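Thank you all for coming; I would like to take you through one structure this morning, beginning with a ligand and its surroundings and then moving outwards to the sheets and a few unusual spots in the backbone.

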Amino acid sequence: MTWLVTGGAGFIGSALCHHLAEASDDKIVVIDKLTYAGNRASLGDLEKAGRVELVVEDITRADRMKELVWDAAPKAIFHLAAETHVDRSIDGPGAFIATNVSGTYSMLEGARAFHARLPGEDKRAFRFIHISTDEVFGSLGEEGAFCETTPYAPSSPYSASKAGSDHLARAWFHTFGLPVIVSNCSNNYGPRQFPEKLIPLMILKCLAGEKLPVYGRGVNVRDWLHAEDHARALLMMAQNGVPGETYCVGGGAERTNIDIVNTICEIMDDRRPEGAPHKRLIEFVTDRPGHDFRYAIDASKISSSLGWAPSRDFETGLTETIDWYLGNEGWWKPVQQSVYVGERLGKA
Ligand SMILES: NC(=O)c1ccc[n+]([C@@H]2O[C@H](COP(=O)([O-])OP(=O)(O)OC[C@H]3O[C@@H](n4cnc5c(N)ncnc54)[C@H](O)[C@@H]3O)[C@@H](O)[C@H]2O)c1
């Protein structure tokens, strides 16, 4: 049996591959273009152990995707490959439309051609898990939470491109009977996250004694979930989820950005006392254009129907994540040296 994971060399994709490798003996085929955000080192141990086969390819190549899906003959496709950074979508939206919209179309068409030729039981068991974000729902005020029936109202080129891909995925279910399940998840954190995102950026800037740039007044709220808990939710969807359904996934851990940065500073004071107090490095900078105020997820559907719940509280997960970055310079140093050194993106 084989799982097919697109974007498996990225942050959540690699967490999913590690989880699949622990949870089953099945083969894992990864399709990843290895963009700036893809990192072969995130799969290094799994590749060496022969658990993952990495195919370096662009998901926008529709004919190639048909071949690759056919060759892999997966029992499920987890589609994670995407351009994912809101700030980069402000600087250059084109790649987001190509990968997130056209790339999703390629994957759906590859899956449809494969699924159509499957015999009875294999056809019934096949799943296409489309991994999306809570950002497609737009911004909340002080109260309330997104759920599966919340109308879409994306506000960044990133979230708009993900919204487009979600509509395609649902259309392929309704029109062609492809057994698609859509996951809309809140902000993830954990090991192997590319250091342009808030948590790793702040950890590495603390370590370097550099300013910690906080957008606006740092009052924007996100609901945080550890990537391993997201990976567990995705496998549960593939095993017991209902085709055509959407599941909202969230950690129930709402924090303002300034809360997050303060907590990172406190943990860093403990781990690296020579740099304390790290809070002196905090600097408020011009806000992101169109910055959504608040996201929160009501995860009661996946909790009651699939029995999923987050396995760790946020502060424990954050401390573990900081310790991972402190212990894995060999992972992030080459990224800083070759791809990204922490500069401000997306000022428009
Ligand atoms: N990070 C979050 O907080 C979060 C939350 C909810 C949902 N998501 C969704 O989860 C998925 C994974 O997010 P992530 O944070 O791991 O992203 P990431 O940026 O860390 O990884 C994306 C991966 O996709 C690959 N990729 C990009 N373009 C490609 C292309 N054209 N062809 C093949 N591969 C390509 C990259 O090389 C990279 O390995 C995305 O679909 C994202 O929208 C992310």
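Before I describe the ligand, let me say that a residue counts as near a molecule or strand if one of its heavy atoms lies within 4 Å of it. What you see is a predicted model, in which local features need pLDDT of at least 70 and side-chain atom pairs count only at pLDDT 80 or more, while totals for chains, interfaces and linings use all residues. Residues are numbered from 1 along each chain as its sequence is written, and side-chain values use heavy atoms, with hydrogens and water left out.

Which residues are the closest to the ligand? They are Ile12, Asp32, Thr84, Tyr158 and Lys162, and in total 28 residues surround the ligand. The shell divides into 12 nonpolar, 11 polar and 5 charged residues, where Ala, Val, Leu, Ile, Met, Phe, Trp, Tyr, Cys and Pro count as nonpolar, Asp, Glu, Lys and Arg as charged, and the others, Gly among them, as polar.

For polar contacts, I mean pairs of N or O atoms within 3.5 Å. A backbone N or O atom of isoleucine 12 lies 2.7 Å from an oxygen atom of the ligand, and a backbone N or O atom of isoleucine 131 lies 3.5 Å from a ligand oxygen atom. With aspartate 58 the side chain takes part, one of its N or O atoms being 3.0 Å from a nitrogen atom of the ligand. Taken alone the ligand exposes 830 Å², of which the protein buries 96%, with accessible areas coming from the Shrake-Rupley method with a 1.4 Å probe.

Turning to secondary structure, helices (H or I, at least four residues) and strands (E, at least two) are DSSP runs, numbered from the N terminus. At least two residues of the ligand shell come from each of α1 (11-23), β5 (127-133), α7 (157-176) and β7 (187-189), and β5 gives the largest share, 3 residues.

How are the strands arranged in the open sheet of 7 strands? Their order is β3-β2-β1-β4-β5-β6-β10, with parallel pairing, two strands being paired if DSSP finds at least two bridges between them. At the edges stand β3 (52-56) and β10 (246-249), each with a single partner strand, so one side of each has no neighbour in the sheet. Within this sheet, 6 bridges join β5 to the parallel strand β6 (residues 180-185), and isoleucine 131, which we met at the ligand, has serine 183 in β6 as its bridge partner.

There is also an open sheet of 3 strands, in the order β7-β9-β11 and with mixed pairing. Here β7 and β9 (residues 221-226) run parallel and are joined by 3 bridges, and tyrosine 189 has histidine 226 in β9 as its bridge partner.

Finally, two backbone details deserve a look, given that most residues other than glycine have a negative phi, and most peptide bonds are trans. Leucine 34, in the loop between β2 (27-32) and α2 (44-48), has a positive phi near 55°. A cis peptide bond, with omega about -5°, joins alanine 276 and proline 277, and proline 277 is found in the loop between α10 (257-271) and β12 (282-285).

Note on methods. A polar contact is a pair of N or O atoms within 3.5 Å; within protein, one must be able to donate a hydrogen and the other to accept it, and residues adjacent in sequence count only if both atoms are side-chain atoms.
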